[in-house]
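Here are a few notes to read with the structure open beside you. Take them one at a time and find each part on screen as you go.

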Amino acid sequence: MRTLSYAQAIREAHAQALARDPRVFVIGQGLWSPWYAGSSLDGLDREFGRERIVDSPVSENAVTGLAVGAALAGMRPIVFHPRMDFMLLAADPIVNQAANWSYLFGGMISVPLVIRAVINRGGEQGSQHSQALHAMFMHVPGLKVVMPATPYDAKGLLVAAIEDPNPVLYIDDRWLYAQTGDVPEQAYSIPIGSAAVRRQGRDITLIGVSTMAANNLKAAAALEREGIQAEVIDLRSLKPWDRETVCASVRKTGRAVVSDPGWRTAGAASAIAAEIYDGEFHALYAPIERVTLPDAPAPSSRVEELAYYPGEREIVEAALRAMGASRSVSMRARSARSAA
Amino acid sequence: MNIDIRSSCLPPEDATAWLLERWSMMLLIRRAEEAIAAMVETAEALCPCHLSIGQEAVAAGVCAALTNSDTIWGGHRSHGHYLAKGGSLEMLFAEVLGRISGCSGGRGRSMHLASREMGILGTVPIVAGTVPLAAGAAFAARMRGGTDIAVAFFGDGAFEEGHVHESLNLAALYRLPVVFVCENNLYSSHLHWSERRVADRLDRAGEVHGVPGRRVDGNDAEAVYSAAAEGVARARRGEGPTLLECRTFRWRGHVGASWDADVGVERRGELAEWLKLDPIARTAGRLIALGVHDLEGREHAIMTRVGEALERARADELPGPDRVLQHVWAEAACGR
């Protein structure tokens, strides 16, 4: 199989969709410049023409609304937001319009739209150039939200998002762009809402998405050196998310760490942890650990960034806490039994 | 490219028949909305209903320049746009009453009207929410080729939203086949325009973006039509967007059946002046001058049609509680 980078995989999904379906077009800021999209849209304007690869004025709201209207009128637009922070200016067409349309009009009109948002953080860029806002959109009924972590998923989920009759928020992270992996040449789609078990293990389940799914694999290798066999689940989709795969794993391991590249309060990890408690409380040996950003805006100095962004080390620590707690819980259970 | 400008944009051949048709449409809108007003008063219609009584010439005039495959987009006050574009009267009543036979399955109610077949792709109460969407439909039409155009209906308050100005710029930049129709009824909810802006020149709002604008007597169906037809023809020729400011006045309050007294707005003097400019009476006067004398009989037929459609809608089924989770996501793409 071929090896592609995450960014190249995104580009290939675009190119194949544009070649296959004349209804597909891309609109947003920075499409003609490598500065905004890295290599993820490299040369698409030359290949497909600037009528279909439309570098737009700085009008997030109207450009996104235009994409919603074009989708309603039969096109298959991909609207591009090179920084998710700026996409908040388009909250109305995304949240009020696209997400509600199917429901409001009794299922008679759908919005086949891809909203692509890039998380572009670190590098001392500060709080308005760094935000991972997936949880805000995961909250909204009617939207689908995907966050691929690998080149393979980056392509397959984008294909699925374009094929989906609903508005799909596709979120990619610049930190993943250089990552390489096997990517089939032909177009393929990954069902939205299906997680991937990246590694089998019996002791603890490490659940994550996007950059944190990548960190989970490194954490699992570190935990193995401690004699702990971690099962690693990459959620891939946040809305809908794969409850069956996650719950089956937690039933097996009895312990879970949910890692999220976003904030803690009302975040993705919190929502998923709550659902696991609802469904699998009696299977748990220990409280669910959450690894998230602290409830603070992104800092803008290197030293503070290192303290702010969690990674492999924080996941390992959380997993060890869960394992420790499970030991004391099983000891309490044993002493309770012997007392009886 | 060979562009067919279509007969709808040419001066009507039989002026009397055309005018009669516009008069009938305006009267249909008014009688339908009066029926809705009555249901608001008796609490039979509980959803928020925003009536366009007094403004009927805008919907009837603009839509006369459109074909079925053109799309229109509207706001909270769009019963008239829906009917004028060919939406079913019975399905409008059913929608207002929340019946599953309504044009939006009883989900949208008065503020969310659609008919894919007639090119009514949606109305929403978020102010100016559909203005960029109309530009998007025009973008789609331009990509597909052909001569379809899109019309955005919105009020004067919409110009206080930034994305209207963004949309004007995008439409000009991409030469989109769209006509922006501002129904300036002087009030945004309870606030007069002078409490919201210092300049009374909304027709010029597109100028810096390269969108030509025109001010029109919005209570004159013929004037509205001829201005709209010009903008529509321009759009069909691929020459880009046009903005129309149609000056008009809503007789009733912002929402519901009242005449505004209940929200502390004193418009009685103004209203008396605008009642004299009733668009339906003006068109009727023109028809009588043209020798049409059976307007009463025609009005009676319209009243009967409204009454019968309402009775059929009332008899339709209401949704059950099991429907709450349906259609959050579409199973398959459905649209144009």
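1. Let us begin with one residue, and please keep in mind that this is a predicted model. Met138(A) touches Val145(A), Leu238(A), Lys239(A) and Ala268(A), leaving aside residues up to four places away in sequence. Look for Met138(A) in helix H7 of chain A, which covers residues 134-138.

2. Is Met138(A) buried or exposed? It has 23 C-beta neighbours inside 10 Å, and a residue with 20 or more counts as buried, so Met138(A) is buried. One of its contacts deserves a second look: Ala268(A) is 130 residues away from Met138(A) in sequence, yet their C-alpha atoms are 7.6 Å apart in space.

3. Now move to chain B and find its open sheet of 6 strands. The strand order is S2-S1-S3-S4-S8-S7, and the pairing is parallel. Strands S2 (120-123) and S7 (213-217) of chain B are at the edges; each has a single partner strand, so one side of each has no neighbour in the sheet. On average, neighbouring strands here are turned by 15° against each other, ignoring direction.

4. For a detail of that sheet, try strand S1 of chain B, residues 71-74, which runs parallel to S2(B) and is joined to it by 3 bridges. If you want a pair to pick out, Ile72(B) has Ile120(B) in S2(B) as its bridge partner.

5. Next, helix H7 of chain B (residues 221-236) lies across strands S4 (178-184), S7 and S8 (242-247) of chain B. Its direction makes an angle of about 170° with S8(B).

6. H7(B) also packs with helix H2 of chain B (residues 56-63), at an angle of about 40° and with the axes 8 Å apart. How should we describe that angle? It is neither under 35 degrees nor within 65 to 115, so H2(B) and H7(B) are oblique to each other. Their crossing is right-handed. From H2(B), Ala57(B), Val58(B), Ala60(B), Gly61(B) and Val62(B) meet Ala221(B), Val224(B), Tyr225(B) and Ala228(B) of H7(B). By class, this contact has 8 nonpolar residues, 1 polar residue and no charged ones.

7. Finally, look at where the chains touch: 41 residues of chain B and 35 residues of chain A take part. On the chain B side, S2, helix H5 (131-144) and helix H6 (162-173) each supply at least two residues. H5(B) gives the most, with 10 residues. That side of chain B has 21 nonpolar, 16 polar and 4 charged residues.

How values were computed:
Residues are numbered from 1 along each chain as its sequence is written. Chains are lettered from A and ligands numbered from 1 in the order in which they are written. This is a predicted model: local features need pLDDT of at least 70, side-chain atom pairs count only at pLDDT 80 or more; totals for chains, interfaces and linings use all residues. Two strands pair if DSSP finds at least two bridges between them. Helices (H or I, at least four residues) and strands (E, at least two) are DSSP runs, numbered from the N terminus. Axes are lines fitted to C-alpha atoms, for helices over the stretch in contact, and angles run from 0 to 180 degrees between N-to-C directions. Two residues are in contact if their C-beta atoms, placed from the backbone, lie within 7 Å. A residue is buried if 20 or more other C-beta atoms lie within 10 Å of its own, exposed if 12 or fewer, and partly exposed in between; C-beta atoms are placed from the backbone. Ala, Val, Leu, Ile, Met, Phe, Trp, Tyr, Cys and Pro count as nonpolar, Asp, Glu, Lys and Arg as charged, and the others, Gly among them, as polar. Angles under 35 degrees count as roughly parallel, over 145 as roughly antiparallel, 65 to 115 as roughly perpendicular and the rest as oblique. A crossing is left-handed if the near helix is turned anticlockwise from the far one by less than a right angle, and right-handed if clockwise.
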